[in-house]
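Ready for a few exercises on the fold in front of you? Try each task with the structure open, then walk through the solution below it.

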Amino acid sequence: MPPTSLPARPLDAIDRDILRLLQTDGRASVRSVAERVHVSRANAYARINRLIDDGVIRGFSARVNHERAGHGASAYITLKIVQNSWRTVREQLGALPGATHIALVSGDFDVLLLVHTPDNRTLRELVLTRLQSIPEVLSTRTLLVFEETDLNAGPGF
C-alpha cells in the first residue's frame, strides 16, 4: 500500500470505467476489461496495476449472501467509546466473529460495526458478552437488519 502522504493521482474516465467493471465482476479477465473500455490489453493491465499500486483497488473479494451462508442475523451496532481508544477498539472489533465492517464516524456515536451471525441468540451473546466486556466501550445500540441490498458500484464511478 502506498504511503498516505503521497497525493492521490487523478482518475480519468477509463480508470473509472475499469473500477466500475471490476466492482461488478472482480473475476473479469484483463482481456475482457480492455475490450469493454476500448483500450489495449497492455494498457488495461498497466492501469489495473497502477490502481492497485496506488491503493485505489484494495483487493478482490466475493460478495456473499450471508443468509445462504448460514448467517441469518445481521445488525449494525453503534458504539460510544472512550476518547482516543479507536486503535485499541478497532483491533478488538476486528477479531469478533462475524464482524464485516468497522467505521470510525462522527455524530451521536463513535463507531459503526456491521456483524453477521448465525442467529439472534449468537448476536445477543456477541453484543451482551463480547462487545460490552471491552473496557473502552461505553455503550452500544443494536439495529437489526431485516433486508440488505448489495450495491455494485459506489458513487462517482
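**Exercise 1.** Work out what covers the buried residues of α4.

*Solution.* Start with the residues themselves: Trp-86, Val-89 and Leu-93 are the buried ones in α4 (buried means under 20% relative accessible area, exposed over 50%, partly exposed in between, with a 1.4 Å probe and protein chains only). Looking down the axis of α4, you'll find these buried residues within an arc of 70°, so they line one face of the helix; the arc is that of the directions from the helix axis to the C-beta atoms. Now turn to the other side of α4, where Arg-87, Glu-91 and Gly-94 are exposed. Finally, the cover: it includes β1, β2 (99-104) and β3. Contact here is heavy atoms within 4.5 Å, while helices (H or I, at least four residues) and strands (E, at least two) are DSSP runs, numbered from the N terminus.

A word on the ground rules: this is a predicted model, where local features need pLDDT of at least 70 and side-chain atom pairs count only at pLDDT 80 or more, while totals for chains, interfaces and linings use all residues. Residues are numbered from 1 along each chain as its sequence is written, and side-chain values use heavy atoms, with hydrogens and water left out.

**Exercise 2.** Find the order of the strands in the open sheet, and say why one side of β2 and of β4 is left without a neighbour in the sheet.

*Solution.* First, the order: the 4 strands run β2-β3-β1-β4, with antiparallel pairing (two strands pair if DSSP finds at least two bridges between them). Next, the edges: β2 and β4 (137-144) stand there with a single partner strand each, so one side of each has no neighbour in the sheet. On average, neighbouring strands of this sheet are turned by 20° against each other, direction ignored. For one pairing in detail, take β1 and β4, which run antiparallel and are joined by 7 bridges. Within that pairing, Thr-78 has Arg-141 of β4 as its bridge partner.

**Exercise 3.** Which strands do α4 and α5 meet, and at what angles do the helices run?

*Solution.* Begin with α4, which lies across β1, β2 and β3 and runs at about 170° to β2. Then take α5: it packs on the sheet, touches β1, β3 and β4, and its direction makes about 10° with that of β1. For these angles, axes are lines fitted to C-alpha atoms, for helices over the stretch in contact, and values run from 0 to 180 degrees between N-to-C directions.

**Exercise 4.** Find which residues touch the most other members of the largest nonpolar core, and which elements supply two or more residues to this core.

*Solution.* A nonpolar core is a set of buried Ala, Val, Leu, Ile, Met, Phe, Trp, Tyr and Cys residues joined through side-chain atoms within 4.5 Å. This one has 17 residues, and those touching the most other members are Ile-77, Leu-79, Ile-81, Leu-93, Leu-113, Val-115 and Leu-131. Two or more residues come from each of β1 (73-81), α4 (86-94), β3 (111-117) and α5 (120-130). The most come from β1, with 4 residues. Apart from this core lies another, of 13 residues, including Ile-18, Leu-22, Ala-28 and Val-33.

**Exercise 5.** Leu-96: buried or exposed, and what is it in contact with?

*Solution.* Locate Leu-96 in the loop between α4 and β2. Its relative accessibility is 6%, so Leu-96 counts as buried. Skipping neighbours within four places in sequence, Leu-96 is in contact with Leu-113, Leu-126, Arg-130 and Leu-131.

**Exercise 6.** Where do His-38 and Asn-84 lie, and what is the phi of each?

*Solution.* Take His-38, in the loop between α2 (30-37) and α3 (41-53). Its phi is near 65°, a positive value in a residue other than glycine. His-38 counts as exposed, at 71% relative accessibility. Now move to Asn-84, in the loop between β1 and α4. The phi of Asn-84 is near 65°, again positive in a non-glycine residue. Asn-84 is exposed, with a relative accessible area of 77%.

**Exercise 7.** How many helices and strands does the chain have, and how do they follow one another?

*Solution.* Count 5 helices and 4 strands. From the N terminus on, they run α-α-α-β-α-β-β-α-β.
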